[in-house]
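Biologist: Hi! Could you walk me through this one while we both look at it?

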Amino acid sequence: MKPIGKLLLMLELMICYGPSLCYLIIGIAFIPFWILSALSGEFQAITMVMMVVGGIIGLFALLALCYKICNPKSNTICDGKIRLLSLMGMLSSIAILYYADAIEKLFEVWAFLYLLPLAASLHIIYLGRNYYFTCCNRRDPSDETDSTN
């Protein structure tokens, strides 16, 4: 990927995930409160903790896929693991959409902030489709050696 493409990708990440990252940081700060609430019998707090953990996992998968797009020869994480982790993050984002009633508020002015991360995730998956839709055990045919010698 050319440097201008990398710059545009980072700009897309900052714009689309900026508000979500702020929410994630606030969620991380509230985890101790939610754990104490869950221990006292409010089991809805467990859902909140799971959404924050899913968001952290999704953020890790997003960064791994972006790194893989920018540096195709890197072997930092298996492509199948990126797929699994990003699906967990997307499920967390969809749960947050449901929880925030954003689906019913789609036509309000700020509702697009809830949909930007999903749209950006789909775009980044499209950019990294060669890595995202491969299997961990698949090898490059050029790496195989002739064993008949």
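Modeller: Happy to; we can start with the overall layout and then turn to helix pairs and single residues.

Biologist: Great. What kind of model is it?

Modeller: This is a predicted model.

Biologist: And how many helices and strands does the protein chain have?

Modeller: The protein chain has five helices and zero strands. Going along the sequence, the pattern reads α-α-α-α-α.

Biologist: What share of the residues is buried?

Modeller: Of the 149 residues in the protein chain, 32% are buried.

Biologist: What about contacts between residues 24 or more positions apart?

Modeller: If you take the contacts with a separation of 6 or more, residues 24 or more positions apart account for 72% of them.

Biologist: Let's do helix pairs. How do you describe two packed helices?

Modeller: You give the angle between their axes and the distance between the axes.

Biologist: OK, at what angle do α1 and α2 pack?

Modeller: Helix α1 covers residues 3-39, and helix α2 covers residues 44-70. They pack at an angle of about 155°, with their axes 8 Å apart. An angle over 145 degrees counts as roughly antiparallel, so that is how α1 and α2 run relative to each other. Their crossing is left-handed.

Biologist: Which residues does Val52 touch there?

Modeller: Val52 sits in helix α2. Leaving aside neighbours within four places in sequence, Val52 is in contact with Leu24, Gly27, Ile28, Ile31 and Trp34. The C-alpha atoms of Val52 and Gly27 are separated by 6.0 Å, and the two residues are 25 residues apart along the chain.

Biologist: Is Val52 buried or exposed?

Modeller: Val52 has a relative accessible area of 8%. Buried means under 20%, so Val52 is buried.

Biologist: Moving on, how do α2 and α3 cross?

Modeller: Their axes come within 7 Å and cross at roughly 135°. That makes α2 and α3 oblique to each other, and the crossing is left-handed.

Biologist: Where does Ser92 fit in, and which residues does Ser92 touch?

Modeller: Ser92 lies in helix α3. Not counting residues up to four places away in sequence, Ser92 touches Met51, Gly54 and Gly55. The C-alpha atoms of Ser92 and Gly54 are separated by 5.2 Å, with their positions 38 residues apart along the chain. Ser92 counts as buried, at 6% relative accessibility.

Biologist: Nice. At what angle do α3 and α4 pack?

Modeller: Helix α3 (residues 79-99) packs with helix α4 (residues 112-127) at about 160°, and their axes are 10 Å apart. So α3 is roughly antiparallel to α4. This crossing is left-handed.

Biologist: Which residues meet between α3 and α4?

Modeller: From α3 you have Met90, Ser93, Ile94 and Leu97. On the α4 side they meet Tyr114, Leu115, Leu118, Ser121, Leu122 and Ile125.

Biologist: Tell me about Ile125, then. What does Ile125 touch?

Modeller: Ile125 is in helix α4. Not counting residues up to four places away in sequence, Ile125 touches Leu65, Met90, Tyr132 and Phe133. Leu65 is 60 residues apart from Ile125 along the chain, and their C-alpha atoms are separated by 7.9 Å. Ile125 is buried, with a relative accessible area of 10%.

Biologist: Let me switch to charged residues. Is Lys68 buried or exposed?

Modeller: Lys68, in helix α2, counts as buried at 6% relative accessibility. Beyond residues up to four places away in sequence, Lys68 touches Ser74, Asn75, Ile77, Asp79 and Tyr131.

Biologist: And Glu12? Where is Glu12, and which side chain of opposite charge is nearest?

Modeller: Glu12 is in helix α1. Glu12 is buried yet has no salt bridge. The nearest side chain of opposite charge is Arg129, which is 12 Å away.

Biologist: So what does Glu12 touch?

Modeller: Setting aside residues up to four places away in sequence, Glu12 touches Tyr17, Ala120 and His123.

Biologist: Thanks, I'll look at those contacts on my screen.

How values were computed
Residues numbered from 1 in each chain as written. Predicted model: local features only at pLDDT ≥ 70, side-chain atom pairs only at ≥ 80, totals over all residues. Heavy atoms only, no water. Helix = DSSP H or I, 4+ residues; strand = E, 2+ residues; numbered from the N terminus. Buried < 20%, exposed > 50% of the residue type's maximum accessible area, 1.4 Å probe, protein only. Lys, Arg positive; Asp, Glu negative; His and termini not counted. Salt bridge = Lys/Arg side-chain N within 4 Å of Asp/Glu carboxyl O. Contact = heavy atoms within 4.5 Å. Axes fitted to C-alpha atoms, helices over the stretch in contact; angles between N-to-C directions. Parallel < 35°, antiparallel > 145°, perpendicular 65-115°, else oblique. Left-handed = near helix turned anticlockwise from the far one by under 90°.
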